[in-house]
Amino acid sequence: MAYVQGFLTPVKTSKKAEYAEIAEKSWALFKEYGALSTCEAWGVDVPDGEVTSFPMAVKAETGETVVLSWIIWPDKETADACMGKMPEDPRWEEVMPNAGEVFSLKRMMFGGFEPIFEHAG
């Protein structure tokens, strides 16, 4: 069964191009590790909430944009294998040498999900 990893990340708005470059380079590695697809979605209509919201969830600061991302894997085992190998693969450091200047890893939210409904077309 397919497996989805979802991410919510605060990104410095002025670093949108740099973030897109990191995402593109990361995709090459995720694909090599077995990912089926990915999407990086730049927030354009992400309002603040009264109780909770995307910006509140990542403690977005002035000058940051919330990015919603996901990776589709063939199964959880493939995703887990990738995440287990990432710390040992030096190419990840090459992809994200200055990631902390572009987005906040500490305020990033992520999780794994099993689809219960999918439709395309």
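## Tyr33 and its stacked partner

Let's start with Tyr33, which has a relative accessible area of 17% and is therefore buried, since the cut-off for that label is under 20%. Keep in mind as you read that this is a predicted model.

Which residue does Tyr33 stack with? Its partner is Trp92: the ring centres are 6.5 Å apart and the planes stand at 15 degrees, so the two count as stacked. Tyr33 sits in the loop between helix 1 and strand 2, while Trp92 belongs to helix 4 (residues 91–95), so the pair links distant parts of the chain, 59 residues apart. Trp92 is buried too, with a relative accessibility of 6%. Both rings also belong to one aromatic cluster, together with Phe30 and Trp73.

## Another aromatic pair

Across the whole structure, a search turns up 5 aromatic pairs. One of them joins Tyr19 and Phe103 edge-to-face, with 5.5 Å from centre to centre and 90 degrees between the planes. Tyr19 is part of helix 1, whereas Phe103 lies in the loop between helix 5 (99–102) and strand 4, so this pair ties together parts that are 84 residues apart in sequence. Tyr19 and Phe103 are both buried.

## The sheet and helix 1

Now for the sheet. It is open, has 4 strands in the order 2-3-1-4, and its pairing is antiparallel. Strand 2 (37–42) and strand 4 (109–113) are at the edges; each has a single partner strand, so one side of each lacks a neighbour in the sheet. From one strand to the next, the twist averages 15 degrees.

Strands 2 and 3 run antiparallel and are joined by 6 bridges. Within this pairing, Cys39 has Trp70 in strand 3 as its bridge partner. Helix 1 (residues 16–32) lies across strand 1 (3–12), strand 2 and strand 3, and runs at about 170 degrees to strand 2.

## A closer look at Ser69

Is Ser69 buried or exposed? Its relative accessibility is 3%, so Ser69 counts as buried. This serine is found in strand 3, which spans residues 64–73.

Which side chain makes a polar contact with that of Ser69? It is the side chain of Glu40, at 2.5 Å. Leaving aside residues up to four places away in sequence, Ser69 touches Gln5, Gly6, Phe7, Tyr19, Cys39 and Glu40. Tyr19, from the edge-to-face pair, and Cys39, the bridge partner of Trp70, thus appear again here among the contacts of Ser69.

Definitions and conventions. Residues are numbered from 1 along each chain as its sequence is written. This is a predicted model: local features need pLDDT of at least 70, side-chain atom pairs count only at pLDDT 80 or more; totals for chains, interfaces and linings use all residues. Side-chain values use heavy atoms; hydrogens and water are left out. Helices (H or I, at least four residues) and strands (E, at least two) are DSSP runs, numbered from the N terminus. Buried means under 20% relative accessible area, exposed over 50%, partly exposed in between (1.4 Å probe, protein chains only). A polar contact is a pair of N or O atoms within 3.5 Å; within protein, one must be able to donate a hydrogen and the other to accept it, and residues adjacent in sequence count only if both atoms are side-chain atoms. Contact means heavy atoms within 4.5 Å. Two strands pair if DSSP finds at least two bridges between them. Axes are lines fitted to C-alpha atoms, for helices over the stretch in contact, and angles run from 0 to 180 degrees between N-to-C directions. Rings of Phe, Tyr and Trp (its six-membered ring) pair if their centres lie within 6.5 Å; planes under 30 degrees apart count as stacked, over 60 as edge-to-face and the rest as tilted.
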